[in-house]
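Trainee: I'm new to this one, so could you walk me through it?
Mentor: Sure, have a look first and then ask away.

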Amino acid sequence: MYGPNGYETMPGGLTVTDLVVTYSGDNPVEAVRGVSLTVGHGETVALLGPSGCGKSSLLGAVVGTVEPASGTVAWNDEELTRVPIHKRRFGMVFQDGQLFPHLDVAGNIAFGPRMAGVSVEARAARVEELLRVVGLEGLGARDVSELSGGQRQRVALARSLAAKPRLLALDEPLSALDSELRTRLAKDVKAILRSQGVSALLVTHDPAEAETMAHRVLRMEDGRLV
Ligand code: ADP
């Protein structure tokens with residue numbers, strides 16, 4: 001099966017069906033109004049839309065940080081809508097990296113495998129491999145406070161990939177960077193995602209970023225795909 005970009009799609013992966021996210025309170029908001037989408041194995045899909053259109057709410061419902069009012073989230077045939085975050089085997093990369101400040105670069109990347117009980121040797125090998133993948137060879141012992149913005153996002157990406165997620169959710173991962181660096185890193189992130197064969201759902205308000213990184217771009221407006 002070939003998608004619109006000549007990209008070979010495989011059945012399965014992420015399936016979101018009729019998803020609705022509402023926030024109650026004094027001014028109730030229907031942030032996501034019945035969205036259905038798929039992300040195939042190894043495919044990168046971008047959700048493109050202006051601030052406030054519901055992208056992060058949708059991404060949150062996919063990874064499990066936001067509880068949907070209705071609709072379903074599934075991976076292959078496994079329904080995940082009410083499955084806790086840590087059992088979905090999805091990873092996340094945020095705009096500001098959210099690195100652990102008390103750990104060095106290697107410690108940040110090894111965090112997930114350490115929590116999962118991976119041996120010291122296997123962890124070290126995985127860290128070395130990922131430092132190479134994200135282009136930060138030799139920087140394992142660097143304090144994260146001594147990294148540039150671009151390097152921080154590379155570490156954040158490596159840390160998310162370390163746990164071998166089946167899907168990576170990226171929420172405006174390059175928005176905090178200046179435009180020249182953003183363009184360069186978008187190409188690198190694309191190459192990294194492809195090399196790892198991971199599925200990815202990218203949220204961005206930047207059309208160029210979406211086009212560079214994604215196999216498919218879905219436009220979102222006012223809680224709906226358009
Ligand atoms: P985007 O990621 O496209 O900027 P969001 O998903 O963050 O959009 O927000 C969609 C809508 O939901 C906005 O109107 C926003 O104000 C509202 N919203 C987001 N998070 C919350 C929350 N925790 N509580 C109440 N309203 C929220």
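**Around the ligand**

Mentor: Helix H1 gives the largest share of the shell around the ligand, 3 residues. Keep in mind that this is a predicted model.

Trainee: Which strand supplies at least two residues of that shell?

Mentor: The shell includes Val29 and Ala31. H1 supplies at least two shell residues, and so much can be said of one strand as well: E2 (29-39).

Trainee: How many residues of the shell are charged?

Mentor: The list around the ligand includes Tyr23, Pro50, Ser51, Cys53 and Lys55. Of the shell residues, 5 are nonpolar and 5 polar. Lysine counts as charged. That leaves the charged group, with a count of 1.

Trainee: Which residue has a polar side-chain atom 2.7 Å from an oxygen atom of the ligand?

Mentor: Two glycines come in through polar backbone atoms: glycine 52 at 2.7 Å from a ligand oxygen, and glycine 54 at 3.1 Å. The side-chain atom at 2.7 Å belongs to serine 56.

Trainee: How much of the ligand's accessible area does the protein cover?

Mentor: On its own, the ligand has 560 Å² of accessible area. The share covered by the protein is 58%.

Trainee: Why is helix H1 largely enclosed by the rest of the structure?

Mentor: Buried here means under 20% relative accessible area. The residues of H1 that pass include Lys55, Ser57, Leu58 and Gly60. H1 is largely enclosed because its buried residues number 8 of the 9.

Trainee: Which residue just after H1 takes a positive phi?

Mentor: H1 covers residues 55-63. Just after H1, phi is about 110° at glycine 64.

Note on methods. Residues are numbered from 1 along each chain as its sequence is written. This is a predicted model: local features need pLDDT of at least 70, side-chain atom pairs count only at pLDDT 80 or more; totals for chains, interfaces and linings use all residues. Side-chain values use heavy atoms; hydrogens and water are left out. Buried means under 20% relative accessible area, exposed over 50%, partly exposed in between (1.4 Å probe, protein chains only). Helices (H or I, at least four residues) and strands (E, at least two) are DSSP runs, numbered from the N terminus. A residue is near a molecule or strand if one of its heavy atoms lies within 4 Å of it. A polar contact is a pair of N or O atoms within 3.5 Å; within protein, one must be able to donate a hydrogen and the other to accept it, and residues adjacent in sequence count only if both atoms are side-chain atoms. Accessible areas come from the Shrake-Rupley method with a 1.4 Å probe; for residues, only the protein chains shown count as cover.
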